[in-house]
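Trainee: Could you walk me through this structure, one feature at a time?
Mentor: Gladly, let us look at it together.

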Amino acid sequence: MTAAARLRPQALAPLVPDGLPPGSLPWLVWHDVRVKARSRQGRFGRLLALLLLALLPIGAGIGFAWRVHAAPMLPVAAIGAVAAVLVGLLLVMISSAYAHVLRMGRDRGELELLLSAPLPAARVLAARIAAVQAVVALPFLLLTTPFFLASAVLGHGRWLAGPLVVIAVALVATALALMIATLLDRLLGPGRAQTVAQVVGVMLAASVFALGQAPNFAPRWFSAQMAALETPPPAPWDWPARAMFGDPAPLLFMLALALAAAAVSTEIAARRLEAAPPAPTSAERRARAARFGGSPFGVLYGKELTLLGRDPELITQIGQQMVFMVPVVALIFADGQITPQRMASAGVFLGGALASSLAWLILCAEDAPDLIASAPVTRAAALRAKLAAVLTPPAVLVVTLALIVAIRAPLASLLMLPMALVAALATSAMQLWTRAPMKRSAFRNRYRSSLLMAVGEFIVLGALAAATRLILSGSWWALAALAVPAALLGGVWIFRVQPAD
Amino acid sequence: MHAPLPSLQIRGLAKAYAGHVAVDGLDLEVPAGQIYALLGPNGAGKTTTLRMVAGLARPDAGAISLFGVDVLAEPIAAKQMLAWLPDEPLLYDKLTPAEYLAFIAGLWRLPADVAARRAEHLLSRLGLMDRRDVRCEGFSRGMKQKVALAGALIHEPRLLILDEPLTGLDAAAARLVKDMLLERVADGGTVILTTHILEVAERMAQRIGIIRAGRLVVEGSMAELAAGREAGTTLEELFLELAA
């Protein structure tokens with residue numbers, strides 16, 4: 001039997017889901033979701049992790065629903081707090097939606113394949129936008145739905161409106177993200193718009209994170225704000241929160257507003273996407289020429305910093321990964337006291353964390369590895385130059401912090417510098433020893449690709465930050481804190497990835 | 001009087017990946033000052049062989065020397081004489097062609113004034129002068145290939161190794177690249193190329209080697225390869241007969 005004969009129509013079945021007419025809007029959305037799912041590596045492990053993680057909101061949701069089961073159907077006292085949470089949710093969703101919208105505009109290759117098919121372009125683009133809306137809403141639905149379902153079972157039937165409001169907020173957030181993208185594109189041009197949006201996105205995420213840590217950083221201020229939230233905001237600002245608890249008129253208004261926003265923004269964005277050029281034009285990217293001169297060390301060092309400086313997306317992603325460190329750094333200032341000693345610890349942690357991101361990009365991700373390997377430069381020399389590039393931005397950050405700390409505590413400042421260097425070298429070594437070479441474009445998912453590595457890095461940085469503080473307080477426990485990263489690094493060295501030839 | 005050193009000498013070269021033998025005791029000698037076409041079907045071991053010559057992969061066994069320099073013992077000295085141009089251009093999208101050439105020149109320790117002069121010449125020759133300060137990220141495949149070729153030529157390597165150099169080039173650009181390779185040889189350089197366009201090999205190469213399953217099947221000039229066969233035998237016919 002020939003191969004062609006063996007390829008039965010059934011073999012193509014997974015390509016066409018049952019009941020979805022090929023080319024229809026749901027079929028296109030399904031296609032998009034499938035492609036996104038397949039682009040993730042280790043699907044089984046990820047699914048298992050997702051299921052395990054899902055147990056947490058289920059447990060928390062049921063527990064919280066039980067705790068508030070005696071509350072009235074419309075808990076007026078909670079309206080202010082819920083309204084504040086919804087504002088935070090909207091901001092986070094806008095940030096997430098904007099990242100997806102940017103990617104949608106940039107990754108046009110597959111989009112153009114679909115646009116070249118005999119299907120209405122508006123439908124193809126609407127499907128793409130619907131996939132963004134789904135991706136934005138899904139994590140928050142997974143987090144909150146157990147609570148609403150459990151509350152409904154415990155007597156708050158109207159609270160089943162909650163997931164609908166989450167979807168409505170996702171639709172509004174995606175609509176706002178699409179409108180912002182369109183507006184910035186027109187005002188600044190695609191290149192600058194992307195840079196501005198990414199920087200704003202990081203700042204937005206950082207603000208939300210910082211706000212979440214307010215009870216640690218500024219407990220008094222936080223208490224005052226919480227007290228203020230006990231008074232519900234005036235109408236119509238309380239409508240989203242009222243809709244959450246199933247108040248019919250605000251709920252209908254929220255749903256109508258979300259659908260209208262989604263329809264209008266989809267129409268405008270679809271036109272923009274259809275009209276956009278097939279690839280970012282480089283004509284407007286004329287920049288002041290970088291100079292590469294001197295020794296191969298200088299050339300490689302200059303190349304790395306130039307590439308980094310010219311990639312706003314990478315800088316944004318580094319910024320985002322640094323934002324994720326905010327809760328950890330907040331632990332250093334847990335009781336609200338900001339002392340020079342604690343700032344020194346925080347500087348060590350942040351310097352090491354920044355070096356880790358850069359080490360991944362510079363040491364592990366090289367876009368032209370064969371070029372460097374075929375150049376008359378030893379591997380060790382290339383590594384030294386790249387390591388110097390890795391250490392430069394953390395050095396700027398740590399030295400700046402050290403100058404601030406030095407005003408009040410010169411000794412803490414002096415200790416901070418070598419400890420931050422050790423932290424930076426430790427995280428760089430961990431990256432170098434555990435990563436196979438890869439493309440820079442994979443940077444966004446670097447923590448997702450190895451949870452163990454992320455945990456190990458946090459332990460090393462946490463131990464070095466703790467050691468800094470313990471040394472400054474004259475405690476011998478500092479030796480124990482230093483032993484932790486030493487042991488971990490020793491373990492990583494033993495199981496290190498050997499460079500492929 | 002000593003015979004001139006061959007540009008490339010390979011003895012008993014072997015390489016296996018995860019149990020698959022890619023190169024199996026290959027012996028090869030490429031005289032200096034010629035264009036040498038290394039041909040073979042997909043998976044024959046051409047690219048693996050050339051990657052080992054360029055110092056990008058380490059052989060399991062065998063010896064490689066470039067102009068008498070042992071590639072394994074003295075990799076830096078060997079690389080100094082060599083340029084490697086794979087089928088996928090080795091570029092940094094965020095650099096401009098001018099910056100890219102300055103970067104390559106720095107790696108090969110070329111004096112700045114020489115680098116600037118050669119960069120201007122190469123960019124001009126390849127029709128890239130008006131794009132010299134534009135980042136490569138929006139370039140077409142053919143333009144990227146031209147920038148990469150300029151990078152390979154800027155340090156005037158004694159041995160230029162090209163893997164499918166004409167991929168993605170339009171007719172005019174392909175002609176230009178062929179002319180530049182011929183000029184490189186006229187200036188005393190040696191060019192080793194792999195190609196699936198057999199007419200290119202037939203018309204450009206002084207010597208042709210055909211490998212199959214990691215071993216050299218036949219080697220010689222076109223006339224030597226066709227000897228004993230009927231007149232007008234093409235390289236394509238020979239290739240299909242020998243490499244299949």
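Mentor: What follows is a short tour of the two chains, a sheet, a hairpin, a buried residue and a cavity.

Mentor: This is a predicted model, in which local features need pLDDT of at least 70, side-chain atom pairs count only at pLDDT 80 or more, and totals for chains, interfaces and linings use all residues. Residues are numbered from 1 along each chain as its sequence is written, chains are lettered from A and ligands numbered from 1 in the order in which they are written, and side-chain values use heavy atoms, with hydrogens and water left out.

Trainee: How many helices and strands does chain A have?
Mentor: Helices (H or I, at least four residues) and strands (E, at least two) are DSSP runs, numbered from the N terminus. Chain A has 22 helices and 0 strands, while chain B has 9 helices and 10 strands.

Trainee: What share of each chain is buried?
Mentor: Buried means under 20% relative accessible area, exposed over 50%, and partly exposed in between, using a 1.4 Å probe on protein chains only. In chain A, 41% of the 501 residues are buried; in chain B, 56% of the 244 residues are.

Trainee: Which strands make up the open sheet, and in what order?
Mentor: Two strands pair if DSSP finds at least two bridges between them. In chain B, 6 strands form an open sheet in the order S6-S7-S8-S3-S9-S10, with mixed pairing. Strand S6 (82-85) and strand S10 (215-220) of chain B are the edges, each pairing on one side only. Neighbouring strands of this sheet are turned by 15° against each other on average, direction ignored; the axes behind such angles are lines fitted to C-alpha atoms, for helices over the stretch in contact, and angles run from 0 to 180 degrees between N-to-C directions.

Trainee: Which strands does helix H1 of chain B touch?
Mentor: Contact means heavy atoms within 4.5 Å. Helix H1 (residues 46-53) of chain B packs on the sheet and touches S3, S6, S7, S8 and S9 of chain B, its direction making about 145° with that of S6(B). Helix H9 (residues 235-243) of chain B also packs on the sheet, touching S3, S9 and S10 of chain B, at about 30° to the direction of S9(B).

Trainee: How do S1 and S2 of chain B fit together, and what is in the turn?
Mentor: Strand S1 (residues 8-17) and strand S2 (residues 20-30) of chain B run antiparallel, joined by 8 bridges. They form a hairpin with 2 residues between them, and Ala18(B) in the turn has a positive phi of about 45°. Leu8(B) stands opposite Val30(B) in S2(B).

Trainee: Is Ser345(A) buried or exposed?
Mentor: Ser345(A) lies in helix H16 (residues 340-364) of chain A. Ser345(A) counts as buried because its relative accessible area is 2%. Leaving aside neighbours within four places in sequence, Ser345(A) is in contact with Ile332(A), Ala465(A), Thr468(A) and Arg469(A).

Trainee: How many cavities of 30 Å³ or more are there?
Mentor: Rolling a probe the size of a water molecule over the atoms shows where empty space is left. On a 1 Å grid over the protein atoms alone, a cavity is a set of points where a 1.4 Å probe fits but cannot get out, and lining residues have an atom within 4 Å of a point. Grid points are joined across faces, edges and corners, and a volume is the space filled by probe spheres set on the points. The count comes to 3 cavities of 30 Å³ or more, and the largest has a volume of about 90 Å³. Of the 13 residues that line the largest cavity, the closest to its centre are Leu371(A), Trp84(B), Tyr100(B), Gly151(B) and Ala152(B).

Notes:
1 Å grid on protein atoms, 1.4 Å probe; cavity = no way out; pocket = protein on both sides within 12 Å on 5 of 7 lines; lining within 4 Å.
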